[in-house]
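Please look at the sequence and the structure shown here, and then follow the explanation below step by step, keeping the model in view as you read.

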Amino acid sequence: MRQRLGALLRRAIPAALFVLAGFWADDRGAFAGLNDQIGDARAALVPRDASGEVVVVAIDAASLQAVGVWPWSRRVHADLLTRLTAAGPRDVLFDIDFSFAADPAGDRAFAAALDASGVAYLAGFVQRAAPGSPAITTNLPLPAFAERAWLAAVNVVPDADGAVRHYPYAVEIDGATVPSAGSLLAGAYVGSLDAFPLNLSIRPGSISTVSAIDVLEGRVPPETFAGRSVVVGATAVELGDQISLPIHGVQPGPVVHVLAAEALAHGAVPVTLRPGLVLLALFGAMLAFQTFGLRRPVAGLVLLAVSLGAAEAAALSAYASAAILVPTAPVYPVLGAFVLWQLVGKILASAWTIRRQAAEIRDTAALLGTVFEDSSDAIIVVAAGGEVLRHSRSARQLLHCDGQDRTALPDPLRRHAEALLNGQLPAGDGRRCCEVACAGRTRLLDVTGSLSMAAGAGGDRTTPRPIVTPSVRDVTVERQQAERIAFLSDHDETTGALRRHAFLDRLGSRLEAGTPAAVFVLRLRGVESVNSLLGRDVGDELLARVARRLETSEPGVPAVARLGGKSFAVLSGAPLDAPAADRLAQRLLEDIEEPFSSLGIAVSVGASVGYTVRPAGAASTAAEVLNQAEAATQIAEANRLARPMLYDPALADRQLRARRIEREMAAGLDRQEFEVVYQPQHRVADGALVGSEALLRWTSPCLGPVRPDEFIPIAESTGFIADLGRWVLRRALRDMRNLPGHLSVAVNVSAAQMGHGTLMADISDALSDAGVPASRLWLELTETVLLDGSGGLVETMSDIRFRGVRWALDDFGTGYSSMAYLSRLPIDKIKLDRAFVAGLGDDPAALPVLRAINGLCRSLDLPLLCEGVENDEHLAVLRAHGCAEAQGFLFARPLSLPDFIAHARACGADPAADGGRARGAT
Ligand code: C2E
Ligand code: CA
Ligand code: CA
């Protein structure tokens, strides 16, 4: 609402300003002339006849001729007046100059006629002494006449254009207000010096006129004048009393007086309206034009013209019916100026809009052109027949087509464009990939295109014609990268072999097809040395060569994978039974072991090979089959097998358990799952307790009790035995503080511990930690370790022995130590393996062996301890042969510390009495 009001105000203000300007100009008479002209025109359009109440007696050419002289003798006027008076007129007005004296007789006669008449008016007037002179002369009838008649002013004042439009009510003559001839004739004297407009629609020709000579000669019937006003005046041109009227031209003075009298007498004096009403209507018209007309200027102008016509017709009708003069003059210039102003404004605004739009179109075209030209995708505009209308810069660069050769579009692109143009491609399927030779190189192009209709595409700006705009992108590099990425997602970058998942996919498809499958896993040895000696690059190259050899080892190997750092898997292409698979495995191994000579230097590597054969139809997954081959390889590697290893489920189970034990042991030591038990050692001669052997026990929460025979070798293989051995030493020596000082403890030591290098330090720490003398500690080492052992072993033993700790040779008899060898070892006791004791009862060969070993010990001066003494018979034999010590279930099973303390007490040793002494003795 407020907006509409604002808009109306914006329109109303200029219209109002124009109207005000109209008022202002009108006030200064700017439109007076035009108003007069319009008034004249209206009068001409609605002519009317005079009422006939005034008759003109014309002193015309005929009268002049008949009388023969001018001025006439006043006798002629007297005769004329007498004749007229006799007809009984209302009044008689002489529009004749009686201001000068003529022949006295005539003058007397006229004075007498005036006396007799009593209804005569005589003309008086003022005029300039000379044209342009300010001096005024007054023409009045001679006093002799004036005394006998009424005075009538016959002055009229012409407008600037020389035409007379106004007529005075009265004229001031010699200081007196003299009624005008017209006022007197109309009998409507108002005593005002103002002038009123003549009603020009009264036709002068309709005024009844008779010739003066006709009256003088009695040819006019007296009824012509009875009751009417009569004007006697000159109409002859030569007499000069001629007045110029608008539309009617030059008329005799008497006619003008009659016209004035007619208007006054019949209320036909034109009344001019104030311009306010007109200007208000004009304001409305302007507002309407501005509101509605400007939208369609021609219709607006026509409507405006019609409205003006209607208004003028109404004004005419007002003039015709009520002599109302509507001053429409301001309408034309003001409205014209306003409309012109509006139209010019509109034209200027349109011109500005057009210029702005043209600039916008130019800018948009320039922008689109730049976007088109600089588009990273190559864009081509193709019309029917493969005609290339435009290329973007990248199109020219990519396709090497110069702007001149308009048909030089590579064949695949042209075919694609034509297919689009001919509607041969379904909607939305405008995308193609095609290979195009560009500047001698094959590029892969991704082309998208769509069909459109465009005018101006080929010179003709009006008729749209079909075009296609293929947008071409060079995806060669992108595609190569995608292929490389896809390749790398399935292949190992270093060797080009498959990755594990891809290998499993191939194997899986083969298993799904129910085909028998043999999978080989090779774990290389010696790669680390190649890496460290020759550099990683050579190492990588070596791995790649290995992969190539594996791929070519058998015709049609479907898959070779690199499983990890130095592990490769091979899937056999042919269905193989176990022996054939073994042969292939052997060949793979031989292939790998063949030196790689092309690396600049001949490089040899070894491999552990494991494989598995899955018979046709067996239910196992690809992952399971590969795991089997890997497990076999692990076993081959762990056992340093020189030949391929076929997967064995039982072995694998053991391996699995070994791995679990390996994992659990480390955690178990922290969680204090280990404990040490003590098996008593007694003197054979008197059965006295001399010491104990410390034996490890482990109860895992998930595996249950695990025998040392099982977990010790695993700990040895992983090196964990060093931690475990250190812990046993500490535990056993600490426990010894609770036992009498004469009791020793024997702790088992593994070969792995000997090689570790920390044994000596561990022993010293454990001894000082427990505060137990070294003499109470024995270390047991198996005979087989000594036989395999390296040179450093004996030195280590000697160093430890030097510290006061003594060595027992464990499991004697399982190896084949010679007497000469034994004599060089730093040992203090020999423990005969329990296998020899076990045979004492029933094996006839056992006794001679015992005797021989006993003899050996005596000759080396080493005490012999026999293990595995389970019954009295065993003991009796040992005693009979002078064996020094014995250990076995006959005396006690391995005992927990409290049980062992109890056992010691039962054997007569008092731990409480002796323990403190033992501790203090360190
Ligand atoms: P070993 O050193 O020969 O230990 C003696 C084994 O014979 C013990 O088995 C013991 O329980 C068993 N034994 C003792 N008396 C008899 C008997 O009268 N008859 C029979 N049949 N067996 C008897 P255990 O405790 O199972 O130990 C097995 C092996 O584990 C040990 O053989 C030893 O080589 C190793 N071992 C045990 N504890 C440790 C340890 O702390 N460190 C190291 N390195 N090895 C240990
Ligand atoms: Ca032992
Ligand atoms: Ca033993």
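At 21% relative accessibility, aspartate 811 counts as partly exposed, whereas its neighbour in number, aspartate 810, is buried at 5%; buried means under 20% relative accessible area, exposed over 50%, and partly exposed in between, with a 1.4 Å probe and protein chains only. This is a predicted model, in which local features need pLDDT of at least 70 and side-chain atom pairs count only at pLDDT 80 or more, while totals for chains, interfaces and linings use all residues. Residues are numbered from 1 along each chain as its sequence is written, chains are lettered from A and ligands numbered from 1 in the order in which they are written, and side-chain values use heavy atoms, with hydrogens and water left out.

Both aspartates serve the calcium ion (ligand 3), which is coordinated by Asp810 (OD), Asp811 (OD), Glu867 (OE) and Glu867 (OE) at 2.2 to 2.5 Å. Donors are N, O and S atoms within 2.8 Å of the metal (3.2 Å for Na, K and Ca), and because water is not among the atoms, sites may look incomplete. Along the sequence, the donor residues of this ion are spaced D-D-x55-E.

Aspartate 810 also bridges to the calcium ion (ligand 2), which lies 3.9 Å from the calcium ion (ligand 3). The donors of the calcium ion (ligand 2) are Glu693 (OE), Asn748 (OD1), Glu780 (OE) and Asp810 (OD), at 2.0 to 2.3 Å. Two of these donors link distant parts of the chain, since glutamate 780 is in strand β32 (residues 777-782) and aspartate 810 is in strand β33 (residues 806-812), 30 residues apart; strands (E, at least two residues) are DSSP runs, as are helices (H or I, at least four), numbered from the N terminus. Glutamate 780 is buried, with a relative accessible area of 1%.
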